Amino acid sequence: MTTSFPKHKIRVVLLEGVHDRGAELLRAEGFDVEALPRSLAHDDLLEAARDAHLLGIRSKTKVTAEVLGGARRLLAVGCFCIGTNQVALGEACGRGIPVFNSPFGNTRSVAELTIGEVVALHRRLGDRSAALHAGRWAKSSAGSHEIRGRTLGIVGYGHIGTQVSVLAEALGMRVVFFDIVPKLALGNARRCDSLDELLSKGDVVTLHVPADETTHGMMNAERLAKMRPGAMLINNARGSVVDVEALAAALRDGRLGGAALDVFPSEPSAPEADFDSPILGAPNVILTPHIGGSTAEAQENIAADTAGKLIRFVNNGSTTGAVNVPEVELPGQPGDGARPHRILHFHRNVPGVLSKVHALVAGLGANIRGEYLRTNERVGYMVFEVDPTDGEAIADGLHGIDETIRVRVLW
Ligand SMILES: NC(=O)c1ccc[n+]([C@@H]2O[C@H](COP(=O)([O-])OP(=O)(O)OC[C@H]3O[C@@H](n4cnc5c(N)ncnc54)[C@H](O)[C@@H]3O)[C@@H](O)[C@H]2O)c1
């Protein structure tokens, strides 16, 4: 595609029951949207992708190099979920196809679950409910507390940690947090200088860190021993952060007062699969099967967020939020007739490309009004704005440059 394309001809295929909000927003842009409630078998996927300009998937659809190779018109892929491993990201990058996702669309859902668990652990709700289901009337106030005035320690003060902070304070908790990056405290929360300091203060400690080398086994036996006697631990982050065996031991011998775990070092891949863990049956423990972010509202947020990124890329050229190509954040174009042509150029990132492009522009005597460039190790994404009279000629010239991967013009 070398020119601004009529919107109604932008064909969008959404698979796997992406929340309706996604189709709604894309249709509101005038795009031609087909939304299917299921994933497609291999051949059907090849067929569906062949003429699509935008492909929207969730976690089941494998967008392989073969799918990308057959999708001649594909401009971008939207993963209407958190992860992007299901897409051949390097291949998509090499073809100048941005892949977008929604890493933070379920933030609020995780924060709400966490707050619910803070209350539930303080009232031993898991055990009391299980006892009554088993026909035992365990009426007692022993070990039950209000959360008002208790101290919540938040490890990782990012998207989720900060929301938990605000909600916990609204319920009258004191909040302390620790983050390896200096973060401004929200409300009356207090920053701790070390994880050990936080562990010494928290009546309940909640983890909201990523899975990486700094957090692997972060809550091991030694760290668990630094928590206050009777304190509780919540892990709705990643399974690798907590040594579950050590946690189970600390709960069984009464050093810790309870735990809530949504994530585990090893999780079944199939729904309804059997599950085993050393923590099963430990006292005052709430276990959930990695559903922290799984709500209808999160699906809607994810759909709106991902559709929004696709729409911006099609209409404006911005790759903000793309996981596989350089991110270029572009300003809106003026709506009047004088607006410049915006040329979007993906090219192989090898020495000499920029001088070829600039020689081309100089040779045409064209006037560049604005220029943006970001690169990664494989590709460069260059966007420039030129007087309307120069757009077509430059786009045609760019096709003649060996390193060009893809050119699009917006006006
Ligand atoms: N249970 C679920 O279903 C679910 C859903 C969404 C997210 N998550 C997980 O929740 C976690 C937090 O997500 P987020 O969106 O808030 O991430 P985020 O990137 O916004 O925040 C993470 C924070 O942790 C901090 N951090 C990194 N390493 C640290 C360390 N060693 N010690 C202290 N702080 C450290 C970072 O500086 C950052 O502020 C992630 O692991 C994510 O995968 C789980």
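**A strand with two partners, then a helix pair**

Start by selecting strand S16, residues 404–410, together with S13: 6 bridges join the two strands, which run antiparallel. Keep in mind as you go that this is a predicted model.

To pin down the register here, click on Leu344 in S13 and look across to S16, where its bridge partner is Arg408.

Now keep S13, residues 341–348, on screen and switch on a surface. How many of its 8 residues are buried? The count is 7, so the strand is mostly covered.

Next, add strand S15, residues 379–386. S13 pairs with S15 too, again in the antiparallel sense, this time over 8 bridges. For a landmark on this side, pick His347 and you'll find Gly380 of S15 standing opposite.

Done with strands. Hide them and select helix H1, residues 20–28, along with helix H11, residues 296–316. Their axes sit 7 Å apart, and the helices pack at an angle of about 30°. Since angles under 35 degrees count as roughly parallel, that is why H1 and H11 are described as roughly parallel to each other. Turn the view to look through one helix at the other: the crossing of H1 and H11 is right-handed.

Show side chains for the contact itself. From H1, select Arg21, Gly22, Leu25 and Leu26; from H11, take Glu300, Ala303, Ala304, Ala307 and Ile311. Colour them by class and the H1–H11 contact comes out as 6 nonpolar residues, 1 polar and 2 charged.

Definitions and conventions
Residues numbered from 1 in each chain as written. Predicted model: local features only at pLDDT ≥ 70, side-chain atom pairs only at ≥ 80, totals over all residues. Heavy atoms only, no water. Axes fitted to C-alpha atoms, helices over the stretch in contact; angles between N-to-C directions. Helix = DSSP H or I, 4+ residues; strand = E, 2+ residues; numbered from the N terminus. Parallel < 35°, antiparallel > 145°, perpendicular 65-115°, else oblique. Left-handed = near helix turned anticlockwise from the far one by under 90°. Contact = heavy atoms within 4.5 Å. Nonpolar A, V, L, I, M, F, W, Y, C, P; charged D, E, K, R; others polar. Buried < 20%, exposed > 50% of the residue type's maximum accessible area, 1.4 Å probe, protein only. Pairing = 2+ DSSP bridges.
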